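Student: I would like to go through this structure and ask what stands behind the terms used for it. Please show it to me.

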Amino acid sequence: MFKKIMSILIVGIMLISFVGCSKTNDTSTDAGTDVDVDTPAAVTTQVLKLSFNQSENHPQYKALETFGKHLEEETGGAYAIEISPNALLGDQRASSELVQSGAIQMAVVGNPIVENFNKDFAVIGLPYIYDSLEHQKEVFTSGILNELFASVSGNGFEVVGAFTAGSRNVYADKAIEKPADLSGYKIRVMESDTMKKMLDYMGGIGTPMAQGEVYTAVQQGVLEGGENNEVTYVDLKHYEIAPYFSYTQHLMVPDLIIINNNIYAGMSNENKEIFNRLMNETIENQFAGWNDSVEDAKKVAIENGATFVELDIRPFQENVTPLHNEVTASSEKTKKLYDEIRTLAQ
Ligand code: GCU
């Protein structure tokens, strides 16, 4: 009996935290404050729970925090954002499922997660497809990805934008300067076939794994290293287990911002316009602040004994060419998008 009461209580608490995502605000005073008043003028705030797999120090977290503040202000308290950092609500794959089912409302997920819903997404996560941060920004803000993003909306969520996560580089227990240096090296990649193939072409053994497991896997010798940007390398203290960070610059994987379909469809035109406008501004700002975050992260890594290695990327670029051919041959849409992305580089 006691057990039964306890399980009812636990389920109750979970329901309150997941479903009870609304609060009542008094619009007659300061919109967006948390005063509960039972008057007809009261506005119910839809709290958008957002799952984030990195820490509060991450520039994307900070960008989303500002986004949430402005969203609450501009919608007169109709919408607010509550970010759960550090993968507290699960890894990116689990979070995308929670958004689909409506248990939570938003998440930031790496492109490979959405690639599972439509293979065409592989093209925007191809190695060396972006020449620079500026080029990637141009691609993300030019509107050429709108059709691709809309293609997954039948799956219970919408892709409302893409953040940059800078360039990814290989890190291990030794400097990686050429493909042969990766021979026999198991390097963690994000959970995607394209990423695995990429690392294999680069000369190593791509090993798909969730980000949260990498530290221990390298420490225990299951992996020789990983690949990521400087910010995550430092955020997760990976310099402690893999102190050589080699500038292969092989990837600039988009981080996609997703929102539950019904929540998005349920917004008034006015609130949707505010949401989209603020999201676009947030993406621009996040690009603008990225290089500073990288410099800050590098300082911390160097203070902690990490070595940053410059190298000639051309042999790696040549090695991954077959992957470009494979992905562009997979559909007309992918080929078209590939050409459009490359055109924007010029
Ligand atoms: C980056 C990226 C994350 C991703 C992570 C990973 O940090 O921003 O979205 O989860 O890499 O390698 O898994």
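Student: Which residues of helix α7 (residues 193–202) are buried?

Tutor: Thr-194, Met-195, Met-198, Leu-199 and Met-202 are the buried ones. Buried means under 20% relative accessible area, with a 1.4 Å probe and protein chains only. This is a predicted model, where local features need pLDDT of at least 70, side-chain atom pairs count only at pLDDT 80 or more, and totals for chains, interfaces and linings use all residues. Residues are numbered from 1 along each chain as its sequence is written, and side-chain values use heavy atoms, leaving out hydrogens and water.

Student: Why are the buried residues of α7 said to line one face of the helix?

Tutor: Seen down the axis of α7, they fall within an arc of 130°, so they line one face. The arc is taken from the directions from the helix axis to the C-beta atoms.

Student: What makes Ser-192 a cap of the N-terminal end of α7?

Tutor: A side-chain oxygen of Ser-192 lies 3.2 Å from the backbone nitrogen of Thr-194. A polar contact is a pair of N or O atoms within 3.5 Å; within protein, one must be able to donate a hydrogen and the other to accept it, and residues adjacent in sequence count only if both atoms are side-chain atoms.

Student: Which distances put the ligand in polar contact with Arg-188 and Thr-232?

Tutor: An oxygen atom of the ligand is 2.6 Å from a side-chain N or O atom of Arg-188. For Thr-232, a polar side-chain atom lies 2.7 Å from a ligand oxygen. Arg-168 has such a side-chain atom 2.8 Å from an oxygen atom of the ligand.

How values were computed: Buried < 20%, exposed > 50% of the residue type's maximum accessible area, 1.4 Å probe, protein only. Helix = DSSP H or I, 4+ residues; strand = E, 2+ residues; numbered from the N terminus.
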